Amino acid sequence: MKMFTALIAGLAMLFTAQAYAGVIESLPAETKLVAKVDFQTLKDSEIYRSIHEKHAAKILQGEAFLLQAAGLDINSVKAVWLAGVEQNRGIIIIEGDFNAVNISAAIGANKENEILGRTDCLFSARCPDKKQNGKKNLVMLVDAKTAVVGNPDLAEEFLKNFKSGKSLLAADKLASLSDCFNGGKYLIKASLLGFKPEDVVKNPILANVAAAELCINAVDGLSADAKLLMKGEENVIAVEQILNGFITIIKANPKADEKNKEVRDEFLNNLSIVRNGPELLASTKISNSVIDKVINARGQEQENE
């Protein structure tokens, strides 16, 4: 069975067109939210090293489960993308170095999964969606370095765009995403491209939001920078006043039983909001020492369970 799977994978690679697009260019046309976790940056961070050192057994257990359930070696993963169109409708794209034989064997071992015999990708299957009863996700190993999981229609659209080398995203969205995710080093980045019409009807203020971005870095702790682009400077002023008022209320009403009070306090004390024309910029930081206390506390709680 493994030899047969490897043969199919080899034939698929041989006869597949080579005009591949990148992840951003392959995203579904109606994508409204894109986020990316850079696993190499994560692995290089002091936070990851601390977690790995103090919770090695739990991490190894998780890695073993992932390998058994999906044939995926977490150490081979380079990046994970999320592309959302609406609530509970999106796809996850994983970049790394994958073994089609291992993935096929692991996913095929679960009788709930349906292995598909298609030859336009290295491996494909339908798997139950654990969060949505009765629905199934489409899993596809597009090539040896790219996998996509999620809503079947969106996953199919991603595969089509990826193999054709053409993007169906609007030019302004494509340019915005390229500017956001290409270049620079970061742990997590996210870009909001729009809202569903019904969401705007329910909350009219959303109609004045043109775009939003979030960037999280892991250098000397965790730092977060957010940018909100509004339609009209008067809207920026109004949102700035709302946020400052909200922050003031939170600072004045701390929860006595809050477990992560130190994190909360440092987050709020380091938080700054600056208006720059149609943009609202917010930034904050949490130190390694505070993060380390949280990691140690979590470890102690697990030991006591």
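1. A residue counts as buried here when its relative accessible area is under 20%. Cys215, at 15% relative accessibility, therefore falls in the buried class. Please keep in mind while reading that this is a predicted model.

2. Staying with the cysteines, you will find zero disulfides in the structure. Cys215 takes part in none, and the nearest cysteine sulfur to it belongs to Cys180, 7.6 Å away. A disulfide would need the two sulfur atoms within 2.5 Å, so the 7.6 Å between the sulfurs of Cys215 and Cys180 does not qualify. Cys127 is another cysteine to look at: its relative accessibility is 11%, so Cys127 is buried as well.

3. Now for the overall picture. The chain has 305 residues, and 37% of them are buried. Its secondary structure comprises 12 helices and 12 strands. Among contacts with a separation of 6 or more, 57% join residues that are 24 or more positions apart.

4. A nice example of a link across the sequence is an aromatic pair, one of two that a search of the whole structure finds. The ring centres of Trp81 and Phe181 are 5.1 Å apart and the ring planes meet at 50°, so this pair is classed as tilted. Trp81 sits in strand E2 (residues 77–86) and Phe181 in helix H8 (residues 171–181), which puts the partners 100 residues apart and ties together distant parts of the chain. Where do the two residues stand on accessibility, buried or exposed? Trp81 has 5% relative accessibility and so is buried; Phe181, with a relative accessible area of 4%, is buried too.

5. Do have a look at the packing of helix H4 (residues 46–54) and helix H5 (residues 56–70). Their axes come within 5 Å and cross at roughly 95°, so H4 and H5 are roughly perpendicular to each other. On the H4 side the contact is made by Ile51, His52, Glu53 and Lys54, and on the H5 side by Ala56, Ile59 and Glu63. By character, the residues of this contact divide into three nonpolar, one polar and three charged.

6. Two backbone spots deserve a moment of your time. Asn88 is not a glycine, yet its phi is positive, about 60°. Asn88 lies in the loop between E2 and strand E3 (89–96), and with a relative accessible area of 55% it is exposed. The second spot is Asp220, also a residue other than glycine, with a positive phi near 55°. Asp220 belongs to the loop between strand E9 (209–217) and strand E10 (222–230). Its relative accessible area is 57%, so Asp220 counts as exposed.

7. Finally, which residue lies 69 positions from Asp220 in sequence but 9.3 Å from it in space, C-alpha to C-alpha? That residue is Ser289. Ser289 is placed in helix H12 (residues 288–304). With a relative accessible area of 46%, Ser289 is partly exposed, whereas Asp220 is exposed. If you have the model open, the loop between E9 and E10 and helix H12 can be viewed together with this pair in mind.

Methods:
Residues are numbered from 1 along each chain as its sequence is written. This is a predicted model: local features need pLDDT of at least 70, side-chain atom pairs count only at pLDDT 80 or more; totals for chains, interfaces and linings use all residues. Side-chain values use heavy atoms; hydrogens and water are left out. Axes are lines fitted to C-alpha atoms, for helices over the stretch in contact, and angles run from 0 to 180 degrees between N-to-C directions. Helices (H or I, at least four residues) and strands (E, at least two) are DSSP runs, numbered from the N terminus. Angles under 35 degrees count as roughly parallel, over 145 as roughly antiparallel, 65 to 115 as roughly perpendicular and the rest as oblique. Contact means heavy atoms within 4.5 Å. Ala, Val, Leu, Ile, Met, Phe, Trp, Tyr, Cys and Pro count as nonpolar, Asp, Glu, Lys and Arg as charged, and the others, Gly among them, as polar. Rings of Phe, Tyr and Trp (its six-membered ring) pair if their centres lie within 6.5 Å; planes under 30 degrees apart count as stacked, over 60 as edge-to-face and the rest as tilted. Buried means under 20% relative accessible area, exposed over 50%, partly exposed in between (1.4 Å probe, protein chains only).
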